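Colleague: Hi! I'm new to this one. Could you walk me through it?
Modeller: Happy to. Let's put it up on the screen first.

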Amino acid sequence: MANGIKYTAKAISYDWGTSKNKGTPFVSVVFEVSEADTKAPGAQFNWEGYFTEATTDRTFKSLRYCGCTFPGNDATNLEGLTRNAVKITVEETDFGPRVAWVDPVGNVNDENRMAGGSLKAFASQMKGALLASAKGGPVTAARAPAAAGPAPFEASEGGTGQGDDPIPF
């Protein structure tokens, strides 16, 4: 198995442990690859989330991506763990394939999430394009102010201008 293969999966079970040498607490989660993921439908892979000064925040984020709500702020209450599909990255180790990363499905993360004022500004910016789209006319995304950089996309008649057909949605 090559390193860094990504799968869509859901957590199916967990257990708690401590590392043999240092006694570091960890949660061991088994993920099952979605039947819709043609690379390895039904395959199961293990992930260990450690609770050290350097890893605790990332471990909690990974568990939240899975759907954990931590009722009562109890770190050991993993209610919701099996709720969400996540993207796992599986790497080959000396002990076999293991989950190296647990991330949300999709490309939106804390660094590029649009919310609050920027989301409202985007909605205002797209209003004309939305109305034109509803009327069946040509749609061009409004440009953001120059300081914000180029618009994230532009659709026009005839595709991208590079010989590509427009992507149907």
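Here is our chat about the overall layout, the strands, a helix, the core and the salt bridges.

Colleague: Before anything else, what kind of model is this?
Modeller: This is a predicted model.

Colleague: Okay. How many helices and strands does the protein have?
Modeller: There are 2 helices and 5 strands. Starting at the N terminus, the order of elements is β-β-β-α-β-β-α.

Colleague: And how much of the protein counts as buried?
Modeller: The protein has 169 residues, and 24% of them count as buried. Its accessible surface is about 11300 Å², with 54% of that belonging to carbon and sulfur atoms.

Colleague: What about contacts between residues far along the chain?
Modeller: Take the contacts with a separation of 6 or more: 40% of them are between residues 24 or more positions apart.

Colleague: Let's do strands. Which way does β1 run relative to β4, parallel or antiparallel?
Modeller: Antiparallel, and 5 bridges join the two. β1 covers residues 5-18. If you want a place to look, find Ile5, which stands opposite Val90 in β4.

Colleague: Found it. What about β4 and β5, how many bridges there?
Modeller: That pair has 8 bridges, again in the antiparallel sense. One pairing to look for is Val86, whose bridge partner in β5 is Pro104.

Colleague: And how many residues does the hairpin between β4 and β5 go through?
Modeller: The hairpin that joins them passes through 2 residues.

Colleague: Now the helix, α1. Which of its residues are buried?
Modeller: α1 spans residues 56-66, and its buried residues are Thr59, Ser62, Leu63 and Cys66. They sit on the same side of α1, because the arc they cover around the axis is only 95 degrees.

Colleague: Is there a general reason for that kind of spacing?
Modeller: An α-helix has 3.6 residues a turn, so residues three or four places apart point the same way.

Colleague: Nice. What covers that buried side?
Modeller: The cover includes β2 (25-33), β3 (44-50), β4 (86-93) and β5 (96-104).

Colleague: And what comes right after α1?
Modeller: Gly67 follows α1, and its phi is positive, near 125 degrees.

Colleague: Let's talk about the core. Which residues touch the most other members of the largest nonpolar core?
Modeller: Those are Phe31, Leu63 and Ile88, in a core of 22 residues. At least two residues of this core come from each of β1, β2, β3, α1, β4 and β5. β2 gives the largest share, with 4 residues.

Colleague: Leu63 again! It was on the buried list for α1. What is it in contact with?
Modeller: Setting aside neighbours within four places in sequence, Leu63 contacts Val27, Val29, Trp47, Cys68, Phe70, Leu78 and Leu81.

Colleague: Is a core like that a general pattern, and what is the tendency?
Modeller: In soluble globular proteins, nonpolar side chains tend to be buried together.

Colleague: Changing topic: how many salt bridges turn up in the whole structure?
Modeller: The search finds 3 salt bridges.

Colleague: Which one should I look at to begin with?
Modeller: Try Asp103 and Arg58, where the closest N and O atoms are 2.7 Å apart. Asp103 is in strand β5 and Arg58 is in helix α1, so this pair ties together parts that are 45 residues apart in sequence. Asp103 is partly exposed, at 23% relative accessible area, and Arg58 is partly exposed too, at 25%.

Colleague: Does α1 hold another one, and how far apart are Asp57 and Lys61?
Modeller: Asp57 and Lys61 form a salt bridge, with the closest N and O atoms 3.5 Å apart. The two are 4 residues apart in α1, so about one helical turn separates them. Lys61 is partly exposed, with a relative accessible area of 28%.

Colleague: And the remaining pair, Lys39 and Asp37: how far apart are the closest N and O atoms?
Modeller: Those atoms are 3.4 Å apart.

Colleague: Is Asp37 buried or exposed?
Modeller: Asp37 counts as buried because its relative accessibility is 8%, under the 20% cut-off. Lys39, by contrast, is exposed, with a relative accessible area of 52%.

Colleague: Where does Asp37 lie, and what is it in contact with?
Modeller: Asp37 lies in the loop between β2 and β3. Leaving out neighbours within four places in sequence, Asp37 contacts Lys6, Tyr7 and Thr8.

Colleague: Great, thanks for the tour!

Note on methods: Residues are numbered from 1 along each chain as its sequence is written. This is a predicted model: local features need pLDDT of at least 70, side-chain atom pairs count only at pLDDT 80 or more; totals for chains, interfaces and linings use all residues. Side-chain values use heavy atoms; hydrogens and water are left out. Buried means under 20% relative accessible area, exposed over 50%, partly exposed in between (1.4 Å probe, protein chains only). The arc is that of the directions from the helix axis to the C-beta atoms. Contact means heavy atoms within 4.5 Å. Two strands pair if DSSP finds at least two bridges between them. A nonpolar core is a set of buried Ala, Val, Leu, Ile, Met, Phe, Trp, Tyr and Cys residues joined through side-chain atoms within 4.5 Å. A salt bridge is a side-chain nitrogen of Lys or Arg within 4 Å of a carboxyl oxygen of Asp or Glu. Accessible areas come from the Shrake-Rupley method with a 1.4 Å probe; for residues, only the protein chains shown count as cover.
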